[in-house]
Amino acid sequence: MSRFAMEPDIIDLATQLGLGGAADPVVAILDSCRRRIDRWVAEVGGISSIERLEALVAGKLQMFFEEIRSEADFARIKDVYAAGKRDAVFAAMKMKFEDEGNPTYGALVRRKNVADDAPDRYVAVIDCRGDKLHRRFFTRWHEIAHRLTTHADLDEPVYRSEHDPLEQMMDRVASHVGFYEPLFGPAFDREMVGRSKLTFEVVELIRRRAFPEASFQSALVACHRRLAEPAVYLEASEAFKAEDRREINRGRQWLIEDLRPVPELRAVKVFPNDAAKLKGLFIIPKMRIPESSQVHRIFCDDTLASGVTSENLGQWEHSGGKRLADQDVWVEARKARDRVIALVQAIPVGTDL
Amino acid sequence: MKPTKQTVGERIKKRRNELGWTQDVLAEKAGISKSFLSDLENGKRSVGAETLLDIGRVLSLSLDYLMTAKEPEAESAEVQIPSSLASFAGRAGLSFRQALTLLEMQQQIVAHRSATKKDGLEKVDWQKFYEAVKEFLE
């Protein structure tokens, strides 16, 4: 079982969902959500697109989406819900979403003054302004994940950061059901016919044809998870070593300037797919990205937006001095705002580089 | 609040077992040695507040529960007004009913995702919240 599956919040959530004692609570929660949706899809005799699936699921969960695309939407929501439906909390949405230094992506509101069976008993307000627009698809499914796991029935508001285990679990649920296998699987298989590896071009084709509202990043994660061959999804950005971060958070001061820690390009998110876990292809989370890597080049070179190359993970050295396994890999990477996202795929032995 | 007769160590052990964790797992997560944890669970060692905080954090248990053996009542008719709201309501001259209405509105937001952690209702900026909704308060 993964360390994540052993988090108390995850074990407690599984127990709340009647899945206590499952061998792997993460898998059990994902399966449970998927089964609920499968039942609804079966009731309507199948589903042909992700848009229809979202409408079906949102309807079953009594959810309605409101999107913030400009300042005017705050006024509209206030007018419709606070003034029109006597739900004053909606007048505070602007304040909620404009908390300086703490960007908010979505909020799920349980309406009052509404029948228990009303189709819009829950309103998910999604911020689609600026940089947040690319997360629109995923944030909508993330809010659906909250309803699927019955969080929204709790009395206490749930304020969590995206680093919180439960929020990460909601991301996993969102990815699992948002890229619904009966829709995603055939689209993936169709584009992968005759290809030996996944490329960003293929991911983009799958996204455009089957999940046009999804971001490239979320489609890439979904595609890499479905790959039968070992692959690691990686995000790299400037970050401190874990112990330096702890010292900084504790308010430590450095009298000698040269000893003050500096952030370095690190693997801040690392998701190995099942095949990678099985075959031992791994990158240590938070480890430094070597300057020789394609990922480092793309991060540092303003003239490079993306690129693909082969390299050897044996060049990747942990701060403790250990190196990763001697493994040839394809690395395809591209810039994405403050970071580089990359797909690292094992090259089978004997492949001509 | 309902006190129990367990010791600190027994409460840690009980929660650890609920989570299906070995002593190795908890010791690693809490940054303590396995032998210290074993002694603690068996009542052979005492523990400082800082270490207990670390243990409580990884077990998702409050320091209050670990130290005082008090569990929240399962059902309570009492309304808990966060101290930050009570303080704001006092300054702003709001009635108990108005403070309660503000609290109920906040509780309608059942999930709220942002980039950094907020510690629940105590950290709500009640002043700003009140300013935003006051025209609709009865």
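Helix α1 of chain A packs its buried residues against α2 (25-43) and α7 (165-178) of chain A, along with α1 (8-18) and α4 (49-59) of chain B. Contact here means heavy atoms within 4.5 Å. Helices (H or I, at least four residues) and strands (E, at least two) are DSSP runs, numbered from the N terminus. The helix itself covers residues 8-16, and its buried residues are A:P8, A:I10, A:I11, A:L13 and A:A14. Buried stands for under 20% relative accessible area, exposed for over 50%, and partly exposed for in between (1.4 Å probe, protein chains only). Just past α1(A), A:G18 has a positive phi of about 80°.

A quick note on the source: this is a predicted model, where local features need pLDDT of at least 70, side-chain atom pairs count only at pLDDT 80 or more, and totals for chains, interfaces and linings use all residues. Residues are numbered from 1 along each chain as its sequence is written, chains are lettered from A and ligands numbered from 1 in the order in which they are written, and side-chain values use heavy atoms, with hydrogens and water left out.

Back to phi. Most residues other than glycine have a negative phi. Two loop residues of chain A go the other way:

| Residue | Phi | Loop | Relative accessibility |
|---|---|---|---|
| A:N113 | near 55° | between β2 (104-110) and β3 (122-127) | 40%, partly exposed |
| A:K286 | about 80° | between α12 (274-279) and α13 (294-300) | 45%, partly exposed |

Chain A is split into domain 1 (48-178) and domain 2 (227-346), with bounds from an automatic or database domain assignment. Taken over C-alpha atoms, the centres of these two domains sit 33 Å apart.

On the surface of chain A, A:L255, A:I256 and A:L259 make a nonpolar patch of about 390 Å². Patch members have over 30% relative accessible area and no salt bridge (a side-chain nitrogen of Lys or Arg within 4 Å of a carboxyl oxygen of Asp or Glu); nonpolar side chains (Val, Leu, Ile, Met, Phe, Trp, Tyr) are joined within 5 Å, like charges within 9 Å. A:I256 lies in the loop between α11 (242-249) and β6 (264-272), and counts as exposed because its relative accessibility is 51%.

As for chain B, it has eight helices and three strands, in the order β-α-α-α-α-α-β-α-α-β-α. Of its 138 residues, 40% are buried. Chain B exposes about 7900 Å², 49% of it from carbon and sulfur atoms (Shrake-Rupley method, 1.4 Å probe).
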